[in-house]
Amino acid sequence: MMKRTWLIPASVTGLIVIYAALYAWQPGGIRVLKILSDALLVTFGLLSTVLALKASQMFEPGVASRRVWLLFAVGMAVLTAAQLIWTFYPVFLGQAEPYPSLADVVWAIGYIPVFASLLLQNRALGVATSLRLKLTILAAFSIALIITFVILGSRALSQSGQATTIEILVTVYYLIGDLGMAFIATLSLLVLWDSLVGRPWQYIVISILLVAAADLIFSYGLLNDLYAFGSNLFSGVVDTIYLSAYVVAVAGAYQQVTLSLPPFDVE
Amino acid sequence: MLLTTLSKTISQTGGTLLANQFEQQVDCYAAQHGWNALTGLTDLAELTQRVPDVDAKMLLAVYVSYSRHARLLARQILGERVLTSALTKLLNSLSPELAQLNARYEIIRLT
C-alpha cells in the first residue's frame, strides 16, 4: 500500500486557502474575523504543543531527541500564552493591542526554548557540517538581516519620534531571534533533507522561515502604517503567513508522531 | 554490531517505534530470502550465541546480503550524512582484528 505522503501538505494548503478566503470574505465583519483568527492561532499553538509533547514520548528517556521535542513543546506553549494575551486586548478589553505589550515579553521568552530545541537537535545529529557551508549559510542570513535593518532602520529614522526606542529594540530582537532560529534550522535540514526522520524537521524549518517572513513584513507594515487587521491586502498577507507558520508547526509535530516505515515490500 | 548501531541511531533520531519497524523489516527480508531456514537462525543477533553448522562462505554471503539490505533501509530512514556518521563511528570503534576482517570482506561499508 502506498503511504499517503500528500495528505499533510494538502491539508495544510487547504486550511490556509480556507483562512485566506474567510479573510477576504469576512463573514460577520472584522471583529468576528479577528476573534476567529486569534482563536485559530491559539488552537494551532495548543495543538502543536500537545503533539510535540507526544512526539517527545516516542524517544527513550535520556535520548537528546526527547529533550528536543520537549523544549519545542515548552516553546510552543509559551508562544500560545503570548497569543492568548494578544487576544485578550481586543476581545475582552475592546481595545487595540499595544506594541510592545506584555504579549511581546512572553513571546520573547518563548523564543528561548524553541531556539534551544533547534540547537540541541542540530548537535544531537552528531554530523559535522563543514565550516565553509556554515559560513555560507551564515552569510546568507546575515545579508538578509542587514538588508532588513537598512530598510526598517532608514524608515524608522526618517520618522524619528514615531518609533520609540523600545519598539525598535523589540523589532530588532524578533528579527535576530527569527533569523538565528532559521539559521540553526537550515543547518539541521541540510543534514536531514533526504531522510524519513528529516520529514518533521522540513515542516518545522518552513514554519520558522514563515514566522521570520511574517515578522519582517509586519515590522515593515507597522513602520509604514500599512498594517491594519482585516483592512487591506498587506494585512491579509501578514496574518495568513502567521497562521500558516502555526499550521505548518502542527504538521511537523504530527509528522513526527505518525512517522513510520512503509510496509515491507514482499517480492 | 552493525544492526545494533543502525537500530540505536534510528531510535535516537526517529524514535523507538521506527527502530522496531526497522528491525522487523530486516528480519522480514531474511525470512523472505530463506536464510532462517538455511542457517537455522531466528535472527542475526543469534549469531553472537551460536555459529550455525553451515559452510563459512554461505554464512558470509548471508551476512553481507543482510548488512547491505540493512544499510539500504537505514539510508532511507536516516539519510546519507547521518548514516555515514554513525558507520564512521562504528568503524573507528572496531578492534584491529575486526577492522582487518571488515577490510577484507567489506561487511560494513561507508558507501
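Which hand does the crossing of α2(A) and α3(A) have? Keep that in mind as you open this predicted model; the tour starts with that pair of helices.

**Stop 1: α2 against α3**

Select residues 29-56 of chain A for α2 and residues 64-93 for α3. Look along the place where they meet: the crossing is left-handed. The contact between α2(A) and α3(A) is made up of 17 nonpolar, seven polar and three charged residues. Two packed helices are described by the angle between their axes and the distance between the axes. Here the angle is about 165 degrees and the axes lie 8 Å apart. Angles over 145 degrees count as roughly antiparallel, and α2(A) and α3(A) are therefore roughly antiparallel to each other.

**Stop 2: along α3 to its end**

Stay with α3(A) and colour it by itself. The helix has 30 residues, and from first C-alpha to last it reaches 43 Å, close to the 44 Å expected at 1.5 Å a residue. Now centre on A:Thr87, where α3(A) has a kink of about 35 degrees. The proline A:Pro90 follows shortly after the kink. Step past the end of the helix to A:Gly94, whose phi is positive, at about 65 degrees.

**Stop 3: α2 against α8**

Go back to α2(A) and add α8, residues 233-257 of chain A. The two axes come within 8 Å and cross at roughly 20 degrees. Angles under 35 degrees count as roughly parallel, so α2(A) and α8(A) are roughly parallel to each other. This crossing, in which α2(A) passes α8(A), is left-handed.

**Stop 4: the loop before α2**

Next, select A:Gln26, in the loop between α1 (7-25) and α2 (29-56) of chain A. Most residues other than glycine have a negative phi. A:Gln26 has a positive phi, near 55 degrees, and is not a glycine. How many C-beta neighbours does A:Gln26 have inside 10 Å? There are 14, so A:Gln26 counts as partly exposed.

**Stop 5: two residues of α1**

Move into α1(A) and show A:Ser11, which sits in this helix. A:Ser11 has 14 other C-beta atoms within 10 Å and is therefore partly exposed. For a distance to draw in the viewer, join its C-alpha to that of A:Ile241: the two residues are 230 apart in sequence and 16 Å apart in space.

Then pick A:Leu15, also a residue of α1(A). A:Leu15 has 18 C-beta neighbours inside 10 Å; a residue is buried at 20 or more, so A:Leu15 counts as partly exposed. Draw a line from the C-alpha of A:Leu15 to that of A:Lys34: the separation is 17 Å, for 19 residues along the chain.

**Stop 6: α5**

Select α5, residues 131-158 of chain A, and find A:Leu138 in it. Is A:Leu138 buried or exposed? With 13 C-beta neighbours inside 10 Å, A:Leu138 counts as partly exposed. Its C-alpha is 41 Å from that of A:Trp25, and the two residues are 113 apart in sequence.

**Stop 7: α7 and the residue after it**

Finish with α7, residues 199-223 of chain A. At 1.5 Å a residue, its 25 residues should span 36 Å, and the end C-alpha atoms are 37 Å apart, which agrees. Just after α7(A), select A:Asp225 and check its phi, which is positive at about 55 degrees.

Definitions and conventions
Residues numbered from 1 in each chain as written. Chains lettered and ligands numbered in written order. Predicted model: local features only at pLDDT ≥ 70, side-chain atom pairs only at ≥ 80, totals over all residues. Helix = DSSP H or I, 4+ residues; strand = E, 2+ residues; numbered from the N terminus. Expected span 1.5 Å × (residues − 1). Bend = angle between axes of the 7 residues up to and from the residue. Buried ≥ 20, exposed ≤ 12 C-beta atoms within 10 Å, placed from the backbone. Axes fitted to C-alpha atoms, helices over the stretch in contact; angles between N-to-C directions. Parallel < 35°, antiparallel > 145°, perpendicular 65-115°, else oblique. Left-handed = near helix turned anticlockwise from the far one by under 90°. Nonpolar A, V, L, I, M, F, W, Y, C, P; charged D, E, K, R; others polar.
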